[in-house]
Each structure stands twice: as C-alpha cells, then as structure tokens.
Amino acid sequence: MKHTPLALAGLLAATLLPVVASAAVKTTPGQADQRFAQLEQLLPTPNTVRTASGAPGAQYWQQRADYRIKVTLDETRHRLKARQSITYMNRSPDTLSYIWLQLDQNIFNDNSISRRSEVAANSGTRRDSIGAGDSFSFAALRRHHAFEDREYGYEIGEVRDAGGRVLRTTLNDTMLRIDLPQPLRPGTSIEINFDWEANIVDEAPIGARGGYEHFADSNTYQYFLAQWFPRLVAYTDYTGWQHKQFLGRGEFTLEFGDYDIELTVPADHIVASTGVLQNPDAVLTATQRARLKKAETAKSPVFIVTPQEALENEKAGTNQMRTWRFKAENVRDFAWASSRKYIWDAMGYRQDDAKRPFVMAMSFYPNEGEPIWSKYSTHAVVHTMEVYSRFSFPYPYPVAISVNSWERGGMEYPMITFNGYRPTRDEKSGKLTYSRNTKYGLIGVIIHEIGHIYFPMVVNSDERQWTWMDEGLNTFLEYIAELEWEDNFPTFGDKTNVLDFITGYMQSQDQVPIMTNSDTIVQFGPNAYSKPAAALAVLRETVMGRELFDHAFREYANRWKFKRPTPADFFRTMEDASGVDLDWFWRGWFYGTDYVDVSVGDIRAYQISSQDPEKEFPLRRAEFAADWPESYSQRQNRAEGRQTRVDRYPELKDFYNENDPFVVNNKDRNQYKEFRDKLEPWERTALDRAIKAGEHVHFVDFYNLGGLVTPLPLTLTFADGTTEEYQVPAEVWRYNAEKVTKLFIRKQRLVSVELDRNHLIADADQSNNITPRRIEQSRIELFKGRDSGRNQMLDALAELKGEPKSGAKADDKAIPLQPASK
Amino acid sequence: MPTHRTRRRLLQLAAVGAASVWLALVAPLSLAHRAHVTLTRVTPNLRSGQWEIVHAIHYHDALRLLAVREVRDDVQPASVEGRARLALEVERSVRWFAPNGSLLKPVTVGAELEGDNVYVYQELPAPKISGRYAVESTLMHDVFPEQINNISLDFAVPRTTLRLSRQQTRGEFTPP
C-alpha cells in the first residue's frame, strides 16, 4: 500500500467525480445501462384495474363463486360421491357465453396431458427414478400398478341450471367448458348443479396433493381431500379464463366465495376441515365440546381427542355414517381430512383485531406422528400467525389447522394444511425416534403451509403462472418466523442464512429466471422458493432497510388481501410505498440469472500535499528511506570496518555530500510561494483545511465478477484499529457494472476493506471480499466449499461401503433390466 | 442371430482386444520412464483444528490400480465411483497410529482429479497426545513392486518427509 502525496489537481478532479468509471458506458444488452434500465417494457401498462402505484384501481373487479356440496365418503371403495351446486357471479365488465370448471382429479386419468407428457426419468412421480440411462425404480413400478388397478378422474353427470335445463359441456383434459343458455351479462349470476363421483387417489404410490393413506401395521386409513371437487376456473383481467391445464406442478388460483359443505363419513371418524363446524352437538361428544371450550383460553395445546382415545377408536370400525356440516366465508377453496385415527389438539390464539379477535389453532394426527406432533404442531401454527400477522394483516379466518397427512412435505388450503414428517421406529429396538431433520422439518413445514393461508389463500396470487409470488414470499416469511422460533434454526439444510444457501444455485448453469412460468421451471425449489426468499432478505436487510421494506411489504399484503395481485403489482407497490427505485433489483434478481460476486481490488492511499517544501521534503526523505532501505552490501561493508574512499579522503566531499536531494532551497521556496499566490481564495481555504485535518485519500477498486449489481456493505478498518461500516448503494454500478473505483477520504489511513462481513448480499465467493487478502483456503477447504462434488463423493463412498444414503427410500432401488426378448 | 445389442458388444470386445495387444507391446517402455511415487502431505489447519491429509496419486498409476482391482471399464479416476474406490483404497492402505499404538481413523472428505493427479482428501482431528506417532503405507505395493509412498509432514521444522516402500512400510514422527 503506497502512501504518496497526491497532486492537488488530481485530487480536485477526483473529489468532483467520486466514482471513476474505468471504461466507457456499455450499450449492449445485459451491460451497465441495461441493468439499470427501467422495467416499463417488461411490465403491463397500468390501467383503471391495476394502477401504476401497484394498487387495485378504481375499477378493480374479480369474480365470485359460492358452493354447496353434499358429499359421502365411501371408505370401502375409497370413493367420493357428491351433489354439487355453484352460484357464479359475473362481476367483470365482460359478457360471458361460457364458463369453465377446473377438474384437477382428471390429472390422474390415463389420458391426461400430464400423464401422457411424463418422461421416463421421473415417470411423473415426485419421487424421482434412479440412475442415468434406461432405469426403472420400484416406486415407478408401484405407481404403474396403482394406475392399472383403478380408474381416476371425475365421473360427472348432467350439468343443469337452476331451472333444470341441461347445459352443453365440452371436456378438455382438466377443464370442462359449460356453454350457457344465455350470455352471462356483467352483474348477473348463474347457478349450476350436477352430481359427480370420483375414486380417491392412493397417495403413496401415485403422489398427489390429496388422497388416502393406508397404514399397513394397523390396516387403517386416513383421507385428506384436496382439490377434490370441480371448481370454477378463475376469470381475470390479466388472462381471461385461466387456460393453463393442470400439469401437476403449477398449483392453482381460484375465485373467493362462501362454502356450505356437508361431509358424510363413517360415524367414528374425526373430521378436520376448512370452515366452522355447524353441528358440533351432533358429531362431537360432550367431553370433546368441553375440552374445546377449555382450549380457547389454554396456554398450551389441549387434547380434544387424546392419543389413547384415538388408538382405541381406530381399532373399532363401524358401518354407521355421520354428517359433519361446515361453513366457510370468503375462501378460495375448501379441503378436509377424515379418519378414525386422529388425535386432535387445540389452543386459542388471540390477536389485536376487532373483526377477528380469536382464532382456534388445531392439529389432527395419527398416533404414528407422536410424540413430536403434540409437542410442536399447534405451537407452530400459533407462532406462524403471530409472526405473519406482523408482516401482513391479522389472520382473517376463525380456525387454522395442521393435519399430519403424509410422510414429508406439505400442502396448503384455506384454514387447513396437510403436513408431513413423522418419527420412525428403530427396527432393532422397536423404539420411536426422530432425527434433527425430522424435528425441524416438521416445524418448518407447518410454518410454511400455515403461512400459505396468508399467501396465496388470502393474497390470491396465481401460482399456476407465477409460483414465486406465493412460494417465494411465503418462504421469506417462513425464514423470518423460523429465526424467531429459536436461534440458529436450520432452515436451509445445515445453513441458517438463506444468503449462504442460495449462492450455489445462483452460480449453476441450468437455471431460469424467477419470472418463468411454473410448469417450465427447472430446479424448482431454489428457483421458486429460496431465490425469491433470498432476494427479499437482501431487499429488507441491505437495499431498503427494515423500516421501508416492512412498510411496503405490509402495504402490498393489505392492498391485495382477498384480491388477485400480479408480479407487477408487487414490484410497483414495493417501490411506491418505499420511495426506492428497485427496477434494477427486479431486473437482476427476478428477470435474470446472474449471481453476486464482487471482488475487492487495490486500495491506493494518498495524503494531500501542501506543496510546502519545508513540510513535504522531510516527509519525502522519510518515505524514500522507508521504500529504499540502505543496501545490504553497504551495511555489510560497514560492519566489516571497510572505509569508503570518501571517508579516507575527506577532501573529496563537496556540497552534495552535505545536502541530500530533499534539502529545501530557495528555488523550492519560491515555487511554493508562486503556487500559493495563484490559488483562488476558496482553493487556499480548502487546501489549508484538508492539510490541517490530515485527511487521507483512498481509491478502492471493485470488480463485479458475478454480473448481478449489488449494494456493497463494507467494513473499513483504519490504521489505529478502528472500523467503520459503510454501505455503497447498488447505483454505484449504473455507469459501469463491471468495475468501479470508489473514493474514501478519511482522517485515518485505511488499512483494510472488507465486503459483506455479515453475509448480507449472497456473495458467492467470499475469498475475494477483502483487501489485503486473508490466508488462502486450504485445498480441502476449497473442495468442501464445492458442495455438489463433495456430496456426490460422499454418496458414492456410502454406497461402496454399503451404508444407506441419507434420504434414500427403499423403493428407490433400481429394478434390474434386461433386453426384451423377441 | 445376434441382436443389434449383441453385435455392438462383440465390436467393443474386438476393440478392447486390439488395445490390449498395443499395450502389451508399448506399455512397458512408457511405464519405465516414470517412477511410481505417491505424495501424501499432512498439514495442520489451525482454523479447523484438523490435520488435513492430501494424497496425490498419479493418474496413470490410479488407472492401473483400478484395472488391477478389476472394476468395471467405466470406473475411471474421472468418474465419481472411480475416485471413491481410490479413496477407499487409501483408507485401507495408509494407516495412522497414536503413540499408544491405537489406530487413528481419518475421515475421507472426498477426492478429485486435477491435472496429472488424483487427490484424495482426509481429515483427522489434530491429536492432542504428545509422543511418537507412526504411519504405515502399503498403497499400491501389490501393483508396482518399486512403489514409493512419500509422507510429507508440514508441521515438522524443518519439514520431514518419510519415504516408505515395500522394504520399509512404516515411519515415525513427532508432531510439535
């Protein structure tokens, strides 16, 4: 690091231009100016439905659909039989000559687009097949048999209007068009009625968001019914009828409405459902009702059905049926679960909201979920409401439910969620045990799925089109809630900080922008969940700050609760409510695949020169001596007692022997006087002040290696050991997004510049974040940093040693294949 | 009549046969130009509190080792399985002993191919007992009779290198 007097002219120029661009402004796409180009071309034109501020416009509209369904669960045949009525209200300005129903269960039909477009690699199941090339897993074989054994999809009877007229229908895969006898004018409504039946999917082999689960040990079942009935397709201002078929991944958006549902199930079943139970006296015992009352004010979950009662109940069985009636207001879907196996606990949650001061948090789970479900589930439900409500709005529904419906994973519906993770029984000891992964996986998935009741069950974004709008926003809030659950919550594998987790994905080659349609996303999890969550974490903690971010995010949630936002509404609201231009951020993080990697380059340090030879020359002498020490040979000669010729013949000495080049003479003094005289008074004042303050001038280079523009949170360390936190805004890159030089004028000499000490910007390579560089990582540390290669190797080692790979399932084993005989 | 699949297999076998002839004629000459030496470096990492053990095996020697072990043709040092097998070979053949004679068990972190060498990475929690430690190596002694395994101990001042061979498979050292 050089410490050199700086020419005044250069200093003044540098002061006027704090950021020195080293190259001309680029004009090619993806270069500097494009990275800060506004998003106008990419966003839809604002109008009276959706305003430029990101709020719903004066003429905002959305449709409405109310449902009445009477459905019977046939436990013997694993089948639903229903009579359904829908009242559809056309609140759009358009006249509709037909309406569409969404038939999600048809995805399991042998001829569905989803099944016919499956590729060999995954056979359409969420449990991937194994190996490369032609391989076939036991899981895929079981799935094939499950489809072979039973037919799936709806059997729908005639569709009639309120007057009993049969309406013409046309089936298109997972959608059914109903042609209306008269066009449905704006402001009018139509009632349609029909009967339907459908086999319930065997979830374990097929993989679905709902279905039944068979417990082989006790030969018992549970049913969790999701996306189970024909639902009105969303008709919107941005896409008309939602015409994307259900392919399995892109979930759904629907219309809000009121539901009146009668569920007829075996009499010994306990039912968990969207909505409020209308006939508790008919379906619950007096003890259960009393326990529910007690749970309203309890500080910890209260059993409504105890584990022992559930165990007894599941042994009995019955031929009797019983009808549970639920009503739900202003929900966009309806789901339920039913089983004689359920333990049921509940705990009241009170919130500061005049409209909804009380919510009942509840959990339903079989004994197979114990002991972790009674310990964590309902607490996680309440914790989610506490945290999410702070960032959005008070929980708007009367109940919040977590059901243990499968082994792992989760799915959300209004007021009710289906969640995985259970303990496992040790084969040798027979004891129930659960891993760290199971514990935190359970808490995490419940927070996530209950969180979805806010996004997208209330803030009704369209996951069929933009997965990130609910998964990403929800993962971000889940992350915040998990940080508030306990310190060092392992949210992302072994990492707590999403910004440390996401860098591997952001550097990978096979990624697509976040703004990719749901069914064509590759690397779904990191793309739609973690990367948007990381982006929002960067926005909150680094770009905007908590106060601005939280206000804007809350504004978005409140503007769009019970409405239907699009990405532009989110982007615009966040900017409008915070006063921060974030177009560069959306462009880089949501429309691009660059990553963050900034390298801190040289620090060049200077002090301002007074030009006064009486002060400067001694300094120069000292610096010269420091830079160019006396030659080793000369010192050795002296040590040997060797005299120079001049020492031996003093008469050879003259003026130059007495005066080194740094001795001040009159010429130097005159030059200094001339320099001072030519300065304007204000220039003299500025110079004298800077010299008196002893200011140090530093130029620091930053190189953008990853491409994504980012703020630069810096830790400046000075010669006296003190530090200063200083954040350079991302706009520093607006003229040159590849290299910038930043000027720092400080009273102290800068000895170190460190970028992102607190891991705030998802910088992919921390090794180049400090100047001077720290000791390099060892070969092993570097190898361990490359997670993918390391994990592959450890998996291979485990395989060769005969150890089970973590997460591997027994049915993932490959089936030996041989060439087909002729 | 053979199927297409069978024909292709026969063709592959013919190609392997031709290659074997070529190797038989040429290989002894080319092998003679390079000594069969592995280098193992042991470096203490103060940040992690581990001894980092890096074994470097020349690519061609690694290739030969896998061939001698009769693994499948596609299991090469360039494949994950090939490197994993080499790592297991190292685990079996290079053994570390505490002053009381107990066996120390380094954890294999992984392996990678870089340049001419396959690197096998291991970590061992820095031993806390003072005294005379030992290392035994029989790595590839059954493949190349003249095999030399150098164990370089970076914590020793000056740096010490143990030169282990078929004749002397064991060396001792004292960590600071």
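**Close-up views of a predicted model**

**View 1. The hairpin of E25(A) and E26(A).** Strand E25 (residues 410-413) and strand E26 (residues 416-419) of chain A pair in the antiparallel sense over 4 bridges, where pairing requires that DSSP finds at least two bridges between two strands, and where strands (E, at least two residues) and helices (H or I, at least four) are DSSP runs numbered from the N terminus. This is a predicted model, in which local features need pLDDT of at least 70 and side-chain atom pairs count only at pLDDT 80 or more, whereas totals for chains, interfaces and linings use all residues. Residues are numbered from 1 along each chain as its sequence is written, and chains are lettered from A in the order in which they are written. Glu412(A) stands opposite Thr417(A) of E26(A), and Met415(A), in the hairpin with its 2 residues between the strands, takes a positive phi near 70°.

**View 2. The surroundings of Val49(A).** Val49(A) lies in the loop between helix H2 (32-35) and strand E3 (64-74) of chain A. Because Val49(A) has 17 C-beta neighbours inside 10 Å, it counts as partly exposed (buried means 20 or more other C-beta atoms within 10 Å, exposed 12 or fewer, partly exposed in between, with C-beta atoms placed from the backbone). Leaving aside residues up to four places away in sequence, Val49(A) touches Gly57(A), Gln59(A), Tyr60(A), Trp61(A) and Asp237(A), contact being defined by C-beta atoms, placed from the backbone, within 7 Å.

**View 3. The side of chain A that touches chain B.** Here 14 residues of chain A are in contact with 21 residues of chain B, and H25(A) gives the most to the chain A side, with 8 residues.

Note on methods: Contact = placed C-beta atoms within 7 Å.
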